Amino acid sequence: MSFPIVRNRRLRGSQAIRNLVRETSVSVNDLIYPLFVTHGSNVKEEIPSMPGVYHYSIDRLEEELAEVVALGIQAILLFGVPETKDAKGSSAYDPNGIVQQATRKIKQLHPNLLVVADTCLCQFTDHGHCGVVHVDEHRNCADIVNDESLELLVKTAVSQAEAGADIIAPSNMMDGFVHAIRQGLDEAGLENVPIMSYSVKYASSFYGPFRDAAHSAPQFGDRKTYQMDPANVREAIREAEADVVEGADMLMVKPALAYMDVIRVIKENFDLPLVAYNVSAEYSMVKAAAQNGWINEQSIVMETMIGFKRAGADLIITYFAKDVARWLKG
Ligand code: PBG
């Protein structure tokens, strides 16, 4: 028996029929917009490697937030650039730290806008690592001290939630961080605050522009002892599984573009909401090409967003969030 020719083109003849049979969609509800808050006053400074993304001081946040809310974006991911740094990142868990102050201000201005707090030490430590570092002068090397780092990360998460953060997003990749933070939040009476875990975070060159933006490049060494090897995918399942067992409410894969297969694998193995982080260099590359007139920014970005959704992401953290929201409005 011979097969008839399958006529796929029948379903592509008009925009209306394409809309009817479309499998995936992007909505403003899928978007989380990262926001960098810096110390000082009257600061609105463009990040050179990320055109269109700014550092704001707390007193200048209002105009940016008004735009985000008017576009219908429901969540921001908050990063802080503190005035002072030290070996233990103490401004990360200072109740009057930059993130805590900004959170209070944002919740006061827009109680319904969700504040997702990035919980890490790297912006707050003078060495730029995500945890406490022990330098062994005899062996001439430095190690991250996992459990001591956990204590400080728990303090950070609790102080962020106490300041009003709606979701805690730990990005530090220490072992056991979800369990420790869950326990810390619960003991502080914050059992209703969910954890969006950066479960599957690769040691990636795609974070370069962010490290300029957050002034968080490691001063020595790299993050390969705690972030994942880009060559591994089975390890991603192990990482995500640990986070699920430890009490994560949402999982994340980061970066996104070069890791679509990882997004798919995590989606197929776990039923928690899955977040894709469209990171800084993924943004900067598109911006640079668009500024040169080499690509059509809007269609490239929208195709990328649909790609994340098709791969299995439920939510997308992206520096393009405001543009996407605008384009979706048509
Ligand atoms: C902090 C953190 C980083 C990013 C988000 N949180 C940097 C890193 O791990 O080096 C990167 C985000 C981006 O590149 O957009 N640990």
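The accessible surface of the chain amounts to about 15500 Å², and 49% of this area belongs to carbon and sulfur atoms; accessible areas were computed by the Shrake-Rupley method with a 1.4 Å probe, and for residues only the protein chains shown count as cover. The model is predicted: local features need pLDDT of at least 70, side-chain atom pairs count only at pLDDT 80 or more, and totals for chains, interfaces and linings use all residues. Residues are numbered from 1 along each chain as its sequence is written, and side-chain values use heavy atoms, with hydrogens and water left out.

The C-alpha trace spans about 75 × 50 × 40 Å along its principal axes. The radius of gyration of the chain is 21 Å, which agrees with the value near 20 Å for a compact globule of 330 residues; this radius is taken over C-alpha atoms, and the globule rule is 2.2 Å times the number of residues to the power 0.38. Of the 330 residues, 52% count as buried, where buried means under 20% relative accessible area, exposed over 50%, and partly exposed in between (1.4 Å probe, protein chains only). Contacts, defined by heavy atoms within 4.5 Å, often bridge long stretches of sequence: among those between residues at least 6 apart, 72% join residues at least 24 apart.

The chain contains 11 helices and 12 strands, assigned as DSSP runs (helices H or I, at least four residues; strands E, at least two) and numbered from the N terminus. In strand S4 (residues 75-81), seven of seven residues are buried. Burial extends to both faces of S4, with Ala-75, Leu-77, Phe-79 and Val-81 on one side and Ile-76, Leu-78 and Gly-80 on the other. Strands are taken to pair if DSSP finds at least two bridges between them. Strand S1 (residues 31-38) runs parallel to S4 and is joined to it by seven bridges; Val-37 has Gly-80 as its bridge partner in S4. Strand S5 (residues 114-119) also pairs with S4 in the parallel sense, over four bridges, and Val-116 in S5 stands opposite Leu-77. From S4 the chain crosses through helix H3 (residues 98-109) to S5 in a right-handed β-α-β crossover; right-handed denotes that, with the strands pointing away from the viewer, the path from the first strand over the helix to the second runs clockwise.

Helix H9 (residues 280-291) includes Ser-284, which counts as buried because its relative accessibility is 13%. Apart from neighbours within four places in sequence, Ser-284 is in contact with Ser-49, Met-50 and Pro-209.

Side chains of opposite charge can pair when their charged atoms come close. With a salt bridge defined as a side-chain nitrogen of Lys or Arg within 4 Å of a carboxyl oxygen of Asp or Glu, the count comes to 14. Lys-107 and Asp-166 form one such pair, at 2.8 Å from N to O. This pair links distant parts of the chain, 59 residues apart: Lys-107 lies in helix H3, and Asp-166 in the loop between helix H4 (146-162) and strand S8 (167-170). Lys-107 is buried at 17% relative accessibility, whereas Asp-166 is partly exposed at 23%.

A salt bridge also joins Arg-326 to Asp-323, with the closest N and O atoms 3.1 Å apart. Arg-326 and Asp-323 are separated by about one helical turn, because they lie three residues apart in helix H11 (residues 321-329). Arg-326 is partly exposed, with a relative accessible area of 38%, while Asp-323 is buried at 17%. Both residues belong to a salt-bridge network that also links Glu-64, Glu-67 and Lys-322.
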